[in-house]
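Hello,

Here is the structure I promised to pass on. Please have a look, and then read my notes below.

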Amino acid sequence: MNVALRRAAFPKGVLFDLDGTLADSAHDLLAAVNAMRAAQAIAPMPLDAFRPHVSRGARAMLRAAFPDLDDAAREARVPALLDQYQRHIGHHAGVFEGVEAMLAALEAAGTPWGIVTNKPEYLARDLLPHLGWSTRCAVLLGGDTLPVRKPDPLPLQVAAERMGLAPGDCVYVGDDARDIEAARAAGMPSVVALWGYRQAGDDPLGWGGDCMVEHPGDLADPARWPVR
């Protein structure tokens, strides 16, 4: 995709990943994991050790929290983690500094924005009221909304369609390689959110995003968005 940073206006539509891109939800998820560890008399996991795994989903978080379990045993605990997370959702979560300025700038320009996340849709919808976004988010697709999830491009394509836009008229912003892979396959320009949850060894330069941004507030400037 041939893109350049020369945009005089915002994109026609913007789609975001949720955890690690818009929402700093690591504290809620850590509370859920530590409730499970406490039930087995295991000491709490520190935030610094847990945080890099948040964007990789429930199974990655369980792998970090219960490294001695095999894959089958961790898989069996996914429902318990989701249940604990629903109990803690919104208790500690917030948004990254600069996110509200970015969203306000998009809204002032009349640019609709939505969310495409691999988090189950019901949990994403439960989180939105705590962030004040229930009526502001134009479209929301979770990891179970469709038969496939990111890095498959279909959720991004469907989200764009629901906003009445072509995928190429939207930009996707995410903090994980799967986000950028999905955008590229959807024919959608992408922004790598460098402020998100990355693991040691991740190489955002190798993800093939159209641009990388250090701070959400930078995207309040339309010139920072990629354009074909």
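Between which domains does the largest pocket lie? Domain 1 (13-24 + 93-220) and domain 2 (26-88) both give residues to its lining, so the pocket lies between them; the domain bounds come from an automatic or database assignment.

A word on the source: this is a predicted model, where local features need pLDDT of at least 70, side-chain atom pairs count only at pLDDT 80 or more, and totals for chains, interfaces and linings use all residues. Residues are numbered from 1 along each chain as its sequence is written, and side-chain values use heavy atoms, with hydrogens and water left out.

Now the sheet. Six strands (DSSP runs of E, at least two residues, numbered from the N terminus) form an open sheet in the order β5-β4-β1-β6-β7-β8, with parallel pairing (at least two DSSP bridges between two strands). Its edge strands, β5 (140-141) and β8 (211-213), each pair on one side only. Within the sheet, β1 (residues 13-16) and β6 (residues 170-174) pair over four bridges, and L15 stands opposite Y172 in β6.

There is also an aromatic cluster made of F16, W113 and W133 (ring centres within 6.5 Å, using the six-membered ring of Trp; planes under 30 degrees apart are stacked, over 60 edge-to-face, the rest tilted). F16 and W113 meet edge-to-face, at 6.2 Å centre to centre and 75° between the planes. F16 lies in β1 and W113 in β4 (residues 113-116), so this pair ties together parts that are 97 residues apart in sequence.

Best wishes
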